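The exercises below ask the reader to work from the sequence and the coordinates together. Each task is followed by a solution that goes step by step.

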Amino acid sequence: MPEFAIIFAGFAVGLIVGLTGVGGGSLMTPILIFFFGIKPYLAVGTDLLFAAVTKAGGTLSLAKQRLVPWRVVGQLCAGSIPAALITLAVLHRVGPANPQVQSVMTHTLGIALLLTAAAMLYKAARGKQLPRTLPEGQLQDATRARHWSLPVLFGAVIGTLVTLTSVGAGAIGVSVLLILFPLLPLPRIVAADIAYAVPLTLVAGLGHASLGSVDWPLLAQLLAGSLPGIWLGTRLMRHTPERLVRSVLSLLLAYAGTKLIAF
């Protein structure tokens, strides 16, 4: 496969992530499977480490701005990391290259993409404007869920989904956070989603690497494109009609999800 095409794909995904905040897994995994003919298990494993590296840079920047609600991140990780380890143990037992496992991956990926597309479309069409700042002293209340088990439970569901498909920590994760923490301002919601995805995708990605499910040269080429793409996307973000971009993107994800289910 041409090296420039892979770098360009990484750049395009990085640009879209910077413009919309949508997780790269929703876009990169279908691209690797359909356009480059990568086996589903290799596409998932490679994309997980791709997401871990790109989102780590974002987390560092957000942490410097003191926007990351670490309490929320900890609650989500308490559910997602054990779920990822259990899912990896199952994959290790049955083998990621097993045809039945790959079938489960592609169908689960298709469903995850449809859910992501629905969440994005709803947010673009009906999403309400969240506050951008939080009054002093209210962070404690804003980061307290209705019950402590809810973030852990949803974290476990997303952890399983991300480990199987590399999709779920983006639009689905933001939608879950909006439900669980309605008082939290949008910048902190986004910061929490990016920050908790880093350890999750790193653990899941390294687990896939131990199974031989990561294409390291492919990963390097994707990152060579994605890092400048993210840099450019974050600078163009204010000048882009977010609702239009998210609407078009949700339709593309719905198409990819439908195609994967029929794959």
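A residue counts as buried when its relative accessible area is under 20%, and as exposed when that value is over 50%. The model used throughout is a predicted one.

**Exercise 1. Determine whether Val-162 is buried or exposed, and describe its surroundings.**

Solution. Begin with the location: Val-162 belongs to helix H7, which covers residues 149–165. Next, apply the cut-off: the relative accessibility of Val-162 is 0%, and therefore the residue counts as buried. Then list its partners, leaving aside neighbours within four places in sequence: Val-162 is in contact with Leu-48, Val-167, Gly-168, Ala-169, Leu-200 and Thr-201. Finally, compare sequence and space: Val-162 and Gly-25 are separated by 137 residues in sequence, while their C-alpha atoms are 8.6 Å apart.

**Exercise 2. Work out how many of the residues of H2 are buried, and place Thr-29 within that picture.**

Solution. The first step is the helix as a whole: H2 is mostly covered, with eight of its 10 residues buried. The buried residues of H2 are Gly-25, Ser-26, Leu-27, Met-28, Thr-29, Pro-30, Leu-32 and Ile-33. The second step is the single residue: Thr-29 lies in this helix, which spans residues 25–34, and because its relative accessible area is 0%, Thr-29 is buried. The third step is its side chain, which makes a polar contact of 3.1 Å with the side chain of Asp-47.

**Exercise 3. Set Phe-4 beside Ser-226, and decide for each whether it is buried or exposed.**

Solution. Start with Phe-4, which has its place in helix H1; its relative accessibility is 65%, so Phe-4 counts as exposed. The C-alpha atoms of Phe-4 and Gly-225 are 9.1 Å apart in space, although 221 residues separate the two in sequence. Turn then to Ser-226, which lies in helix H10 (residues 216–236); with a relative accessibility of 0%, Ser-226 counts as buried. Beyond its neighbours within four places in sequence, Ser-226 is in contact with Gly-10, Phe-11, Gly-14, Phe-50 and Thr-54.

**Exercise 4. Find which residues have the most contacts inside the largest nonpolar core, and which helix gives the most to this core.**

Solution. The core consists of 63 residues, and those with the most contacts inside it are Leu-32 and Tyr-196. Helix H9 (residues 186–210) gives the most to this core, contributing nine residues. To follow one of the two residues further, take Leu-32: not counting residues up to four places away in sequence, Leu-32 touches Gly-37, Ile-38, Ala-43, Leu-218 and Leu-222.

**Exercise 5. Describe the second largest pocket by its volume and its lining.**

Solution. The volume of the second largest pocket is about 450 Å³. Its lining is made up of 19 residues, and of these Leu-27, Pro-30, Ile-31, Phe-35 and Leu-252 lie nearest the centre. The elements that give two or more residues to this lining are helix H1 (3–20), H2 and helix H11 (242–261). Sorted by character, the lining residues comprise 17 nonpolar, one polar and one charged.

**Exercise 6. Characterise the chain as a whole by its elements and its contacts.**

Solution. Count the elements to begin with: the chain has 11 helices and zero strands. Of its 263 residues, 51% count as buried. Among contacts with a separation of 6 or more, those between residues 24 or more positions apart account for 84%.

Key: Residues are numbered from 1 along each chain as its sequence is written. This is a predicted model: local features need pLDDT of at least 70, side-chain atom pairs count only at pLDDT 80 or more; totals for chains, interfaces and linings use all residues. Side-chain values use heavy atoms; hydrogens and water are left out. Helices (H or I, at least four residues) and strands (E, at least two) are DSSP runs, numbered from the N terminus. Buried means under 20% relative accessible area, exposed over 50%, partly exposed in between (1.4 Å probe, protein chains only). A polar contact is a pair of N or O atoms within 3.5 Å; within protein, one must be able to donate a hydrogen and the other to accept it, and residues adjacent in sequence count only if both atoms are side-chain atoms. On a 1 Å grid over the protein atoms alone, a cavity is a set of points where a 1.4 Å probe fits but cannot get out, and a pocket is an open set with protein on both sides within 12 Å along at least five of seven lines; lining residues have an atom within 4 Å of a point. Grid points are joined across faces, edges and corners, and a volume is the space filled by probe spheres set on the points. Ala, Val, Leu, Ile, Met, Phe, Trp, Tyr, Cys and Pro count as nonpolar, Asp, Glu, Lys and Arg as charged, and the others, Gly among them, as polar. A nonpolar core is a set of buried Ala, Val, Leu, Ile, Met, Phe, Trp, Tyr and Cys residues joined through side-chain atoms within 4.5 Å. Contact means heavy atoms within 4.5 Å.
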